[in-house]
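Reader: I would like to learn how to read the two faces of a helix, and then how to place such a helix within its fold. Could we work through one case together?

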Amino acid sequence: MSFERDITDPFVARAIELQAIFHRDAVERDKQGGRPVEQIRLLKESGLPSAQIPVLYGGRGASWLSILRVVREFARTDGSLAHLYGYHHLPLNLVLFRGSSAQKDHWLRASAAGNLMWGNSGNAMSKTSSGRRTDKGWVVNGSRPFSSGSHIADFIQISWENPEGERLTAAVPADRAGIVIEDDWDGIGQRQTGSGTVSFKDLEILDEELISSPQVALTPYTSLTSLLQQSVLLNVFVGSAQGALDEGREYTSALSRPWIYSGVEKHTDDPWIKRQYGELYIKTLAATELADKAARSLDDAFNQGPGLTAGDRGAAAIDIATANVYAGEAGLVVSSEIFEVMGARSATNANGFDRFWRNVRTHTLHNPAEYKRRTIGTWLLSGEFPVPAMYR
């Protein structure tokens with residue numbers, strides 16, 4: 001199928017190889033949930049976790065276009081692994097954006113050398129963990145929900161509130177005493193992302209593990225983390241649409257039967273089936289092109305470094321919001337309507353085609369398109385860019 005897969009890009013080429021391996025048991029692992037231990041091992045061996053780390057710190061300095069195409073490639077069969085790989089870059093780049101020179105040198109070099117995986121337990125909308133000051137740092141108790149990647153991470157970004165209600169963030173080894181991975185994620189989709197609860201029981205945090213402070217204001221550059229998150233999500237949506245369309249086409253060509261009143265002997269000769277596939281392909285291709293445009297805008301903003309202006313950051317935010325809205329719509333439509341053209345026998349647990357819709361539906365609920373449409377409309381009418389914040 002004519003979706004761009006740039007095999008001259010070594011990171012994409014490696015992702016294509018891994019995707020073929022992940023595909024072998026994607027349906028079964030989706031049913032099981034839990035931890036994709038073997039797949040994470042293969043991911044680390046591939047070198048892809050360190051691909052985006054700047055060369056200065058031992059990485060390969062891959063572009064966001066490359067990284068997000070890798071996310072998209074994994075999502076063609078396994079939205080969970082796409083999510084885990086993409087979200088790994090959020091705490092990693094939080095260190096790059098807001099960490100001290102010593103922290104960047106320590107954590108980024110260690111991550112590049114070991115192809116370490118990062119997870120998070122810092123959901124900003126849930127103030128369910130708190131800390132008390134000690135001589136050397138903090139002791140944290142409580143929990144945090146939606147802790148994606150914590151169950152397979154080498155390092156975890158965690159957050160808590162201090163007695164004044166300010167949010168503090170740190171990076172700690174995932175195996176530190178006091179961190180309890182509850183393994184309680186029960187979403188209908190993204191079954192292997194570990195997006196459940198992490199509990200903290202007298203977890204000790206050292207001062208040198210704190211990343212910046214609430215008193216340090218965000219700049220256009222250091223606020224790019226939210227755009228990275230949105231970029232990962234939209235490419236999970238696009239990859240899911242591509243995967244659903246690929247698998248649907250294969251099933252339709254090989255196994256679907258023509259409807260009794262269609263007047264054709266082969267299902268693929270039915271004008272309805274041809275038109276429907278044409279529409280689904282157009283939607284998916286348009287989502288793919290918008291995703292690439294948004295990724296290039298992100299690269300343009302990221303590559304400006306600390307000198308990034310509010311205007312250039314805002315322009316990237318609009319491109320990413322636009323791509324996100326359309327990708328979510330396309331992902332939901334394609335992953336649902338593909339059943340209509342495959343037929344009744346396709347809707348079985350054994351086939352597992354429903355995983356694409358469940359994965360997209362799960363994430364789009366966390367990321368309401370309505371508010372992005374308003375953001376885009378506000379900009380179009382007034383020229384006003386979104387104020388940097390969560391989800392924008």
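**Two faces of a helix**

Author: On the other side of H3, away from its buried residues, Val37 and Glu45 are exposed, where exposed means over 50% relative accessible area, buried under 20% and partly exposed in between, with a 1.4 Å probe and protein chains only. This is a predicted model, in which local features need pLDDT of at least 70 and side-chain atom pairs count only at pLDDT 80 or more, whereas totals for chains, interfaces and linings use all residues. Residues are numbered from 1 along each chain as its sequence is written, and side-chain values use heavy atoms, with hydrogens and water left out.

Reader: Which residues of helix H3 are buried?

Author: The general idea is that an α-helix has 3.6 residues a turn, so residues three or four places apart point the same way. In helix H3, which covers residues 37–46, the buried residues are Gln39, Ile40, Leu42, Leu43 and Ser46. They cover an arc of only 160 degrees around the axis, which puts them on the same side of H3; the arc is that of the directions from the helix axis to the C-beta atoms. Helices (H or I, at least four residues) and strands (E, at least two) are DSSP runs, numbered from the N terminus.

Reader: What do the buried residues of H3 pack against?

Author: Their partners are helix H1 (10–23), helix H2 (26–32), helix H4 (64–75) and helix H5 (79–98), with contact meaning heavy atoms within 4.5 Å.

Reader: What follows just after H3?

Author: Gly47 comes just after H3 and takes a positive phi of about 85 degrees. Pro54 lies in the loop between H3 and H4, and Pro54 is partly exposed, with a relative accessible area of 23%. Leaving aside neighbours within four places in sequence, Pro54 is in contact with Gly59, Gly61 and Leu96, while the C-alpha atoms of Pro54 and Leu108, 54 residues apart along the chain, are separated by 8.5 Å.

Reader: How many helices and strands are there in the protein, and what is its radius of gyration?

Author: The protein has eleven helices and seven strands. The radius of gyration is taken over C-alpha atoms, and the globule rule is 2.2 Å times the number of residues to the power 0.38. With 392 residues, a compact globule would have a value near 21 Å, and the protein has 21 Å, which agrees. Of these 392 residues, 55% count as buried, and among contacts between residues at least 6 apart in sequence, 76% join residues at least 24 apart.
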